[in-house]
Every structure is written in C-alpha cells, then in structure tokens.
Amino acid sequence: MRVLSVVLSGGAGSRLWPASRQAYPKPFMKLGGSTLLQQAIERGQACGTGDLMVVTNKDHLFLTKDVLRQMADPPKATLLLEPKGRNTAPAIALAALQCAKDFGGDTVMLVLSADHLVPDVDAFVASASQAFRLAEKGALVIFGVSPTNPDTGFGYVEVEHVSRNSQPVKRFVEKPDLETAREYLATGRYYWNSGMFCFTADAIIDAFERNAPEVLTAARRAFASAKTAGDTVQFEVHDFGLQPDISIDYAVMERADNVQVVPAKFSWSDVGTWPSVAKAQTSDASGNTMPYDTIAIDTTGTHVQIESHGPKVVATLGVHDLVIVDTPDALLVAHKNSAQRVKQVVDVLKARKHETINLPAVVHRPWGTYASLKEEDGYKVKRITVKPGESLSLQYHHQRAEHWVVVAGTAIVQVGDVEYETLPGQYRYIPLKEKHRLTNIGKDELVLIEVQCGRYLGEDDIVRLADTYGRV
C-alpha cells in the first residue's frame with residue numbers, strides 16, 4: 001500500500017489576527033517550537049507516508065520551502081500552487097488528479113490541514129492506520145472528534161451512536177447555534193468534523209464524478225493547463241478561477257453513500273481562535289498563558305502574546321479571561337467570550353484598506369525578511385535580513401533615496417554599475433532613481449539597517465530590472 005500525505009495549506013486565519021495575516025497565515029505560526037505546517041507534515045511522516053503534496057497559495061511558495069528546508073528529515077514534496085483560494089473541493093480534486101498521474105489511482109491519500117494541532121502523534125498514527133484499511137476497500141473516510149463542549153465553531157457528523165469503532169456517516173451538519181450544539185451533545189450521536197480525510201485517488205475522483213461532476217470537470221481543465229517546473233505545479237489564473245468555490249463536505253461528503261467516520265483516538269484542536277491557542281499551552285496556577293517575565297497581578301485566565309522588535313515590559317493588573325496580543329504594528333485586547341468575533345475587526349480593517357490585514361510586522365521574502373522599525377513624514381527605518389547566497393532584485397525607486405548600513409555579515413552592494421564589498425559598520429548611499437542591488441556573499445545571515453528618505457515611501461515604489469525569483 002502506497003500512502004501520500006496531502007497537506008492543505010490555505011486560509012488567512014483571520015480569527016488569529018494580528019499574529020496571522022494574509023501574507024503570513026496560520027500554517028506558518030509557531031506553536032510548541034515549530035510551525036503548524038511542519039507539524040502536519042511530520043504527522044504524515046509518522047504514518048509512513050514517503051511522499052508529500054502541499055496545496056498552497058503561490059505567494060507562500062518560499063515560506064513553504066523554508067519550512068521544508070528547516071526540517072531534519074524533509075520528505076520529497078510536490079507543491080501545487082494556487083493563484084488564489086478556491087476552497088477544499090477544488091484543492092482535493094487537483095491533488096487527486098496529480099496523485100493518480102504520479103503514483104497511480106490506488107494510492108491512499110491522507111488529507112491533512114496545515115493549521116491543526118494534534119499533540120499525541122502515536123494516537124494519530126493508530127487512527128490513521130484504521131483509516132488506511134477502510135480507504136483500501138474504497139471508503140471515503142473522515143476523522144471524527146468526540147465533542148467536549150457545545151462548540152458553535154465546528155461542523156458536526158451524525159452517526160448511529162458515538163463509539164470506538166468506525167461506522168457509516170448518516171449526515172453532515174453545518175456549524176450550529178449554541179442550543180442546537182447542546183442538543184447534539186446530549187444525543188451522543190455526533191462527532192466534530194475534523195476536516196481530515198483518507199481515500200484512494202480513484203475513490204475520490206469517482207466520488208466527484210458521481211456527486212460533483214462540475215468540480216471535477218473544472219479541475220481537469222485547470223490541471224491540463226498547469227505548468228510543472230521541478231517540484232512545483234503552477235495553475236493558469238483563468239482556468240483555475242473557473243473552479244467552483246465549494247468545500248469538500250458540500251461537494252462530495254454530504255452526498256456520497258460510502259463515507260465512513262473513524263473516531264479520533266487523539267486530542268485535536270483547529271487552533272482557530274485565541275482561546276484555543278491558549279488551551280494548547282501550559283497555564284500557570286491562575287490559568288494564565290503568557291511569557292514568563294510578564295508581571296501579572298490579580299490576573300486570571302488571561303492569554304498574553306508579545307511579538308516585539310525589542311525588549312518590552314508587559315504588565316496586567318486586575319484583568320480576567322482576556323486575550324492580549326501585541327505585535328509591532330497592532331494590538332488586540334479582547335475578552336475570551338468574544339474571541340470568535342475577531343474576524344469583525346479584520347472586516348473593518350479590510351474596509352479601511354489597512355495593510356495590517358495583509359502584511360505582518362516582519363515581512364518574509366524569498367531572499368529573507370524586512371521589518372519597519374520607525375516611520376514618520378519623509379523617512380522610514382527598516383531592518384533587512386538576507387539569507388546566505390541570496391540577493392534582492394536589481395531595482396530603482398522614483399520617490400526615495402536610501403542609506404544602507406551593514407550591521408552583520410558581508411554584502412556586495414551594487415550602486416549603478418559599480419559593486420562594493422561592504423562589511424559590518426560600513427555605509428552605502430543609494431541616490432534617487434539609481435539602480436541598486438544587495439547580495440549576501442557570506443556564510444551567515446546578512447543584517448542591514450535601511451533608512452529611506454523621500455516624499456513617498458510605499459512598497460509599490462519599486463521598479464525591478466532583474467530578479468532571481470521571477471518577479472520582474
């Protein structure tokens with residue numbers, strides 16, 4: 001039996017703003033020392049899957065490759081790059097077509113989400129092994145989680161009666177209101193829908209053909225016009241956009257007659273809200289989850305998360321059941337009972353076209369990162385890091401001049417047609433409209449302080465003349 005891990009790495013995680021942004025979404029958040037994406041990949045590896053397929057946005061290609069590069073034993077991966085989000089049904093249909101092409105239709109696909117937390121990997125392997133056996137027989141398998149509370153944030157799966165054994169699914173139901181969720185728990189007939197699946201490529205393709213042929217037809221069209229380069233498959237924007245925006249539950253699972261649920265023997269969280277992030281961490285005697293050096297006086301049940309460019313003293317006094325998330329460019333203070341409504345804040349920011357919904361405080365690029373440290377009229381100060389061997393694009397700016405000071409590493413700074421080796425403590429000036437480029441020629445990370453001066457300092461004032469990463 002050949003098993004392929006398929007990791008769906010999409011979504012903006014808007015309920016985890018301001019830590020999760022569109023350009024740096026939840027799968028890349030670290031929890032317990034590693035990103036949620038890495039943990040999903042490692043769960044698949046623990047089940048014996050030798051190969052990996054990741055379905056993600058094309059803008060997250062280099063973030064995904066960084067995660068794989070940092071793993072001690074990275075699997076051989078194929079990356080399906082979506083030009084925009086199109087929900088889980090198209091993503092799984094495309095993955096199934098790719099799987100059938102590369103590995104054969106009898107390959108078992110273990111479909112995982114990149115933003116779930118499953119602490120007990122051994123227990124997950126035991127449940128996955130049961131799912132593999134069912135999938136080999138042609139079943140479409142969903143992992144069901146026994147509900148611990150009447151949660152309104154999850155979909156539910158109805159069965160004859162919750163037990164330790166797999167059984168047919170009677171029906172899927174969407175996220176209920178609180179009263180309905182309480183009724184579900186009282187009956188003992190419902191699981192939470194974990195959003196993790198298992199089936200062979202042939203079985204899910206056949207299920208699309210029977211229950212959602214329009215999804216499969218559109219996926220085949222997008223698949224036919226896709227371009228493969230090395231380990232990446234990139235889809236043409238127009239054909240990809242013709243796919244319906246629909247979940248796998250709506251398209252297939254609610255209609256198919258061969259769906260089985262495997263009860264999860266493992267603890268599970270979709271870490272979809274800040275209280276669920278807090279629950280995944282070890283609390284102190286007062287139920288607080290916060291950095292060890294936080295000054296907490298008369299404080300209970302409170303989660304504090306700080307992402308700062310430098311040391312910051314944080315103190316809480318007389319507060320209870322709060323979420324406090326502080327990043328360099330945004331601060332969230334919310335009661336835990338209102339955590340499901342953080343998306344309303346994001347909606348307001350979106351209406352205002354505020355950049356904090358998209359770019360994080362530390363922006364990741366293929367070559368490294370940049371962070372804005374200070375900005376006022378006429379100037380902006382940035383901290384830039386460049387990975388060994390990487391370089392920024394050859395570019396110029398219409399509206400600003402730049403001053404560069406290397407503080408760590410060894411750089412080649414091109415100004416005009418001249419290249420200068422630049423060491424820590426040395427400085428280069430980039431005049432307005434002069435072409436320039438920065439390259440790290442050392443073995444360690446290059447760190448640079450950049451001061452921009454000009455009337456307009458927006459990120460779109462870049463004219464690229466040449467670029468290693470194809471962004472011209």
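A salt bridge is a side-chain nitrogen of Lys or Arg lying within 4 Å of a carboxyl oxygen of Asp or Glu. In this predicted model, the pair Lys 343 and Asp 347 fits that description, since the closest N and O atoms of the two residues are 3.4 Å apart. Both residues belong to helix H11, which covers residues 342-351, and they are separated by four residues, or about one turn of the helix. Lys 343 is partly exposed, with a relative accessible area of 40%, and Asp 347 is also classed as partly exposed, at 34%.

By this rule the structure holds 21 salt bridges. One of these joins the side chains of Glu 158 and Arg 189, with a distance of 3.2 Å from N to O. This pair links distant parts of the chain, given that Glu 158 is in strand E8 (residues 156-158) whereas Arg 189 is in the loop between helix H5 (178-187) and strand E11 (190-200), and the two residues are 31 residues apart. Glu 158 has a relative accessibility of 8% and therefore counts as buried, the limit for that class being under 20%, while Arg 189, at 29%, is partly exposed.

A further salt bridge is formed by Lys 374 and Glu 376, whose closest N and O atoms lie 3.3 Å apart. Lys 374 is partly exposed, with a relative accessible area of 41%, and Glu 376 counts as partly exposed at 42%. In addition, Glu 375, Lys 380, Lys 382 and Glu 459 are joined into one network by salt bridges that share partners.

Turning to the nonpolar residues, the largest nonpolar core consists of 49 residues, within which Met 109, Leu 140, Ile 204 and Phe 208 have the most contacts. Helix H3 (residues 88-103) supplies the largest share of this core, namely nine residues. Apart from this core lies another, of 30 residues, including Phe 132, Ala 135, Val 141 and Tyr 190. When residues up to four places away in sequence are not counted, Phe 208 touches Ala 89, Ile 92, Ala 93, Pro 213, Val 215, Leu 216, Ile 248 and Val 252.

A polar residue, Thr 64, was also examined, and its place is in helix H2, which runs over residues 61-70. Thr 64 counts as buried because its relative accessibility is 0%. Leaving aside residues up to four places away in sequence, Thr 64 touches Phe 28, Leu 37, Val 54, Thr 56 and Leu 79.

Key. Residues are numbered from 1 along each chain as its sequence is written. This is a predicted model: local features need pLDDT of at least 70, side-chain atom pairs count only at pLDDT 80 or more; totals for chains, interfaces and linings use all residues. Side-chain values use heavy atoms; hydrogens and water are left out. Buried means under 20% relative accessible area, exposed over 50%, partly exposed in between (1.4 Å probe, protein chains only). Contact means heavy atoms within 4.5 Å. A nonpolar core is a set of buried Ala, Val, Leu, Ile, Met, Phe, Trp, Tyr and Cys residues joined through side-chain atoms within 4.5 Å.
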